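Trainee: Could you walk me through reading a helix pair and then some salt bridges? I'd like the general idea before each case.

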Amino acid sequence: MTSEKPLSQKKTTQQTISISPALKDRIEQYVIEKQNKDPKDHRVKSISAFYNFVLEKTIDCFEQGKTLNDFETFVDSEIRGFFEKISFNALIPYYETAIRTNRYTHPFFEKNIFFYLTLRRLYLDRMDPYDIASIKSIFNRVKNYLMSQNLTKDVNLDIFIGKNGKGLTGIFEYSGLYKNLTFENCKYNAALFGLLGTKITNFLYSDKENYFRFDLKATDLFYRKELAKKERIELVNHNLSYFFNYPRILDDKDYYFWMRLAEDRNAIINFNNEETQKDWINLTERDIDKFGDHEDYALNLLKFFEKLHWIEIESEKDLIFQIKLSEKRFQNEKELLLGTLSQRSKILQINGKYQLKRIIE
């Protein structure tokens, strides 16, 4: 039985191919640029070496299951390396649930300065605002990365040029695979567009289809290199207003609106009837007894009433607080508050403030 000998790796066989003059020029220019950058790189020591390396690696990819269509979604190492520095691998179902309550949380610039400025630099270093081809090039490179992350169904950016060569407008479309991750992703995209100097002029969102569409207009900030922080933050907030407006919040689940109310210390939580009111207090007291430290019982109870915005704690150490309830409107609530706190503590009143002293048992 004869054995099959492997083909020789010696480069002696020639194969003629026909290419356009334009492609020939592009290949020669690319090889020369790479030779100048790294003369020791054997892959570009000649046009022939470059052809041989590219074809060999291409066939290797095909043998591993890749197809011709995969060339359209190829993620370059520079873009992948950039995003890998500011991201991590995570379980999608876990994070899809975990970020649910984050839907209407503002991605403040001040809290994410490094993230925003790093992304801005990625685009500014690779695009010329007057060159549409460069804008599309960096967008497509980022698009390929997004498409490889199993979160994006499709993403597209169409750009239109005004009569004077300026006045750029565009349409950004994003379709995601997961509801909450899609919303979060597009929220940050809207902020990034603002940071780059692009204004959202119209907005469409389909919750059912996980689809967003932004109509965009380049402002003068798009053509300016300086940060102009105040102006860009105003533009970011304008873009995000399409996400955070109250008609949208009111049309969503109740807890999103309640989360907004919780940020206002002048809004209080009241109850529809005394039975429900006592049920919540009793439940809290039982859990404090069961899971809390006995020494911190009074402090934990104060924190409960502070969450209702009935009081404001001034000193956790000394258990000093102020009552925020209006004397005229919430007399019953004030009596319930003091009655509950006095069950295990002595209440002292000093200059309009209150202090709890634990009763020695």
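Trainee: At what angle do the axes of α5 and α7 cross?

Mentor: Keep in mind that this is a predicted model. Helix α5 (residues 113-124) and helix α7 (residues 179-196) have axes that come within 10 Å and cross at roughly 60°. The crossing is right-handed.

Trainee: Which residues in α5 and α7 meet there?

Mentor: General idea: an α-helix has 3.6 residues a turn, so residues three or four places apart point the same way. Here, α5 brings Phe115, Tyr116, Leu119, Arg120, Tyr123 and Leu124, and they meet Tyr188, Ala191, Leu192, Leu195 and Leu196 of α7. By class, that contact has 10 nonpolar residues, no polar ones and one charged.

Trainee: How many residues of α7 are buried?

Mentor: 15 of its 18, so α7 is mostly covered, taking buried as under 20% relative accessible area. Right after α7 comes Gly197, with a positive phi near 100°.

Trainee: Now the salt bridges. What does the one between Arg103 and Asp252 tie together?

Mentor: For any salt bridge, check the N to O distance, then where the partners sit. The closest N and O atoms of Arg103 and Asp252 are 3.5 Å apart. Arg103 is in the loop between α4 and α5, Asp252 in the loop between α9 and α10, so the pair links parts 149 residues apart in sequence. Both residues are buried.

Trainee: And is Arg213 buried or partly exposed?

Mentor: Partly exposed, because its relative accessibility is 27%. Its salt-bridge partner at 2.9 Å is Asp215, which is buried at 18%.

How values were computed
Residues numbered from 1 in each chain as written. Predicted model: local features only at pLDDT ≥ 70, side-chain atom pairs only at ≥ 80, totals over all residues. Heavy atoms only, no water. Axes fitted to C-alpha atoms, helices over the stretch in contact; angles between N-to-C directions. Helix = DSSP H or I, 4+ residues; strand = E, 2+ residues; numbered from the N terminus. Left-handed = near helix turned anticlockwise from the far one by under 90°. Contact = heavy atoms within 4.5 Å. Nonpolar A, V, L, I, M, F, W, Y, C, P; charged D, E, K, R; others polar. Buried < 20%, exposed > 50% of the residue type's maximum accessible area, 1.4 Å probe, protein only. Salt bridge = Lys/Arg side-chain N within 4 Å of Asp/Glu carboxyl O.
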